[in-house]
Amino acid sequence: MIGRQDVAVVEFPFETLTCNEISFAERDERYRLLHEWPEPTYRHPSGLRMIWKYADVREVLDAATPGLSNANSLDPLVGYARIVATPRAIPHFVRHLVPPPAKATANLTDDRLHKRVWNTMAGPSGHFTISPGDRPHRAAAMVEHFHDAVRDSGYRPGTHLDVTALSMTYAARTCGAAVGLPESDWPHVAAWSGAQSGLLGRVMRGRELADAVAALGWLFTVSGRAVREGRGSAATGFARRLRDAGLSHRIAVSAMANSLAAGVHTVSGSIQQGVQRLLTDPDRAWWDLLADPEGSGRVAAKILQLDPGLVAWKRHVKTPVVLRSGTRLPAGPVLVMFAAANRDPEAFPDCSDLQGTGKLPLTFGFGRHVCPGKSMATLAVEVFLRQLRELAPEAELVPEASRTTRRSDLLFSGADITITW
Ligand code: HEM
């Protein structure tokens with residue numbers, strides 16, 4: 001853990017470091033310092049203006065205030081111009097991403113069309129909605145994904161278990177199955193969706209950028225195939241539901257690709273950071289609560305509040321805006337730090353207390369674009385943590401395997417976690 005004396009008070013707590021590069025304890029401290037920062041916004045070297053106060057984050061995520069837009073939410077951090085100026089990226093771009101994919105979810109600004117897409121995913125009988133009656137069999141399917149992922153990892157009793165890799169395989173299986181992607185594609189889903197996630201929050205160039213564009217392209221190409229094959233199927237899979245809602249092929253492909261990309265690193269990052277927090281506690285209080293069905297739900301919800309795998313999201317200020325709190329935002333892109341807002345002492349007086357009270361955490365966004373995978377993701381995190389506790393109640397972190405350098409990422413966050421028992 002870092003102390004006050006270790007962080008120069010004059011330096012903005014997230015000037016150079018991102019959550020992905022630090023442990024949960026350092027994150028706790030830097031978020032605490034962030035909420036002591038004298039200004040409510042900060043112009044980050046990336047060019048994004050950071051905001052973190054609960055009320056501001058909620059209003060900007062909602063994007064209903066005139067002057068605020070969600071149109072840039074899925075734009076690559078380096079901009080399209082750099083992709084087009086990267087010779088190695090161009091063949092992949094042309095092969096998979098021309099004509100450009102439709103806007104169907106987070107960056108769609110046509111509210112009526114968006115509502116149709118969103119309802120198909122998360123309306124009362126939406127494809128990702130989990131009703132109380134559905135919960136037991138959805139959880140059972142996730143338990144099976146967990147054990148299949150352990151088997152695929154090649155784990156043998158007495159050896160170390162790489163929780164980071166396991167959580168990615170698990171999340172890819174869970175999301176691949178949910179959208180109806182053929183099983184043969186599941187092993188590639190983590191890499192493909194990692195490309196979309198990476199392009200959103202990381203500064204890439206050269207070969208790395210070209211590889212990410214190629215993987216993103218495959219995500220759309222494979223989603224296109226799955227939509228074509230699934231639209232006519234007798235079973236009401238995701239593709240059939242999108243067709244039945246009268247949505248075009250292009251919109252359906254983007255809805256599928258975006259859902260696949262959205263679920264994998266968000267769920268797996270939350271798991272990795274959660275396991276790090278739970279196993280670092282010498283009392284193992286939250287870890288042991290996982291053995292209790294009611295306790296495991298509370299622990300998963302708290303992990304998703306404090307340590308989500310996605311920590312921030314982008315919005316665009318088209319014309320200068322004064323938010324309801326009085327915070328002023330000049331025109332330009334904004335980084336909406338919702339994981340930071342989840343710790344705003346004005347909204348959560350005791351955020352690290354499991355019984356703590358407070359407002360609705362903003363982990364899954366707010367307003368029209370609120371995450372349609374929210375109930376699925378919450379259950380997926382809970383099931384994984386419970387199963388891991390059941391498999392390895394005496395688990396210990398392997399410190400030397402957990403000290404690798406992770407990359408700077410303004411949006412996604414995870415941890416390298418290996419355990420033994
Ligand atoms: C811990 C896991 C997850 C987190 C933290 C998370 C977070 C978010 C957030 C903050 C948004 C709002 C974006 C915006 O306002 O523009 C969002 C949107 C979205 N999420 Fe999730 N998500 C998670 C898991 C999932 C899963 C498992 C799926 C797929 C089944 C999913 C699919 C989507 C989609 C399609 C959108 C776009 C919604 C729209 O604009 O209508 N997410 N998510």
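How do the residues of the shell around the ligand divide into nonpolar, polar and charged? There are 15 nonpolar, 10 polar and one charged; here Ala, Val, Leu, Ile, Met, Phe, Trp, Tyr, Cys and Pro count as nonpolar, Asp, Glu, Lys and Arg as charged, and the others, Gly among them, as polar.

Colleagues, this is a predicted model, in which local features need pLDDT of at least 70, side-chain atom pairs count only at pLDDT 80 or more, and totals for chains, interfaces and linings use all residues. Residues are numbered from 1 along each chain as its sequence is written, and side-chain values use heavy atoms, with hydrogens and water left out.

I turn to the ligand. It is surrounded by 26 residues, each with a heavy atom within 4 Å of it. The closest are His114, Trp313, Arg315, His369 and Cys371. Two of these names return at oxygen atoms of the ligand: an N or O atom in the side chain of Arg315 is 2.7 Å from one, and an N or O atom in the side chain of His369 is 2.6 Å from one. For Ala106, a polar backbone atom is 3.0 Å from a ligand oxygen.

Next, the secondary structure, taken from DSSP runs (helices: H or I, at least four residues; strands: E, at least two) numbered from the N terminus. Helix H5 (111-122), helix H11 (249-280), strand S5 (313-317) and helix H15 (374-391) each supply at least two shell residues. H11 gives the most, with six.

Finally, H11 is largely enclosed by the rest of the structure, because 28 of its 32 residues are buried, meaning under 20% relative accessible area with a 1.4 Å probe, protein chains only.

Technical notes: Polar contact = N/O pair within 3.5 Å; in protein donor to acceptor, adjacent residues only side chain to side chain. Buried < 20%, exposed > 50% of the residue type's maximum accessible area, 1.4 Å probe, protein only.
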